[in-house]
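Student: Hey, can we go through this structure together? I'd like to start with the sheet and then wander a bit.

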Amino acid sequence: MSNTDYGFGGILCVDMGTEERANRLMHHLQNGTQFGLMAVSLGYYETLMSCSGSSTSSELSVHEREVAGIPPGLIRMSIGYSGSLEQRWSQFERALVRMQENANLFGSKAH
């Protein structure tokens with residue numbers, strides 16, 4: 001998607017393995033790096049993110065989500081028009097580093 005006045009947008013999906021890890025990453029992305037906002041709908045010019053299994057696809061049974069290929073830790077991100085790709089990628093990397101640091105601090109795995 002492209003708009004000559006704003007640039008490009010797109011969807012990025014990341015599977016964090018579990019809903020808990022997905023929510024932790026989204027927390028760091030929203031509150032730690034200002035990467036984007038947690039939302040149910042991904043239609044906005046800002047970067048939005050959602051854990052599909054517990055939001056937009058929550059009406060499906062676990063079996064239906066498995067058949068559809070929607071793992072519990074799937075995060076869908078609608079990358080907005082604000083900021084550059086380099087800025088977004090840097091924010092994303094910082095959030096992952098913070099997750100790893102917290103995991104090391106509390107003795108759990110963050111991958």
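**The sheet and its helix**

Tutor: Sure. There's an open sheet of 4 strands here, in the order 3-6-5-4, with mixed pairing. Strands pair if DSSP finds at least two bridges between them, and strands (E, at least two residues) and helices (H or I, at least four) are DSSP runs numbered from the N terminus.

Student: Which strands stand at the edges?

Tutor: Strand 3 (10-15) and strand 4 (37-38) do; each has a single partner strand, so one side of each is left without a neighbour in the sheet.

Student: Before I trust this, what kind of model is it?

Tutor: It's a predicted model, where local features need pLDDT of at least 70, side-chain atom pairs count only at pLDDT 80 or more, and totals for chains, interfaces and linings use all residues. Residues are numbered from 1 along each chain as its sequence is written, and side-chain values use heavy atoms, with hydrogens and water left out.

Student: Ok. How do strand 5 and strand 6 pair?

Tutor: Strand 5 (residues 48-51) runs antiparallel to strand 6 (residues 74-79), and they share 4 bridges. For C51, the bridge partner in strand 6 is I75.

Student: And what does helix 1 lie across?

Tutor: Helix 1 lies across strand 4, strand 5 and strand 6, at about 165° to strand 5. For that angle, axes are lines fitted to C-alpha atoms, for helices over the stretch in contact (heavy atoms within 4.5 Å), and angles run from 0 to 180 degrees between N-to-C directions.

Student: Which residues of helix 1 are buried?

Tutor: R21, A22, L25, M26, H28 and L29. Buried means under 20% relative accessible area, exposed is over 50%, and partly exposed is in between (1.4 Å probe, protein chains only).

Student: Where do they sit around the helix 1 axis?

Tutor: Seen down the axis, the buried residues of helix 1 fall within an arc of 155°, so they line one face. The arc is taken from the directions from the helix axis to the C-beta atoms.

Student: What comes after helix 1?

Tutor: Q34, and its phi is positive, near 55°.

Student: New topic: is G10 partly exposed or buried?

Tutor: G10, which is found in strand 3, is partly exposed, with a relative accessible area of 29%. Leaving aside neighbours within four places in sequence, G10 is in contact with M77, S78 and I79.

Student: Last one, how many helices and strands does the protein have?

Tutor: 3 helices and 6 strands, in the pattern β-β-β-α-β-β-α-β-α along the sequence.
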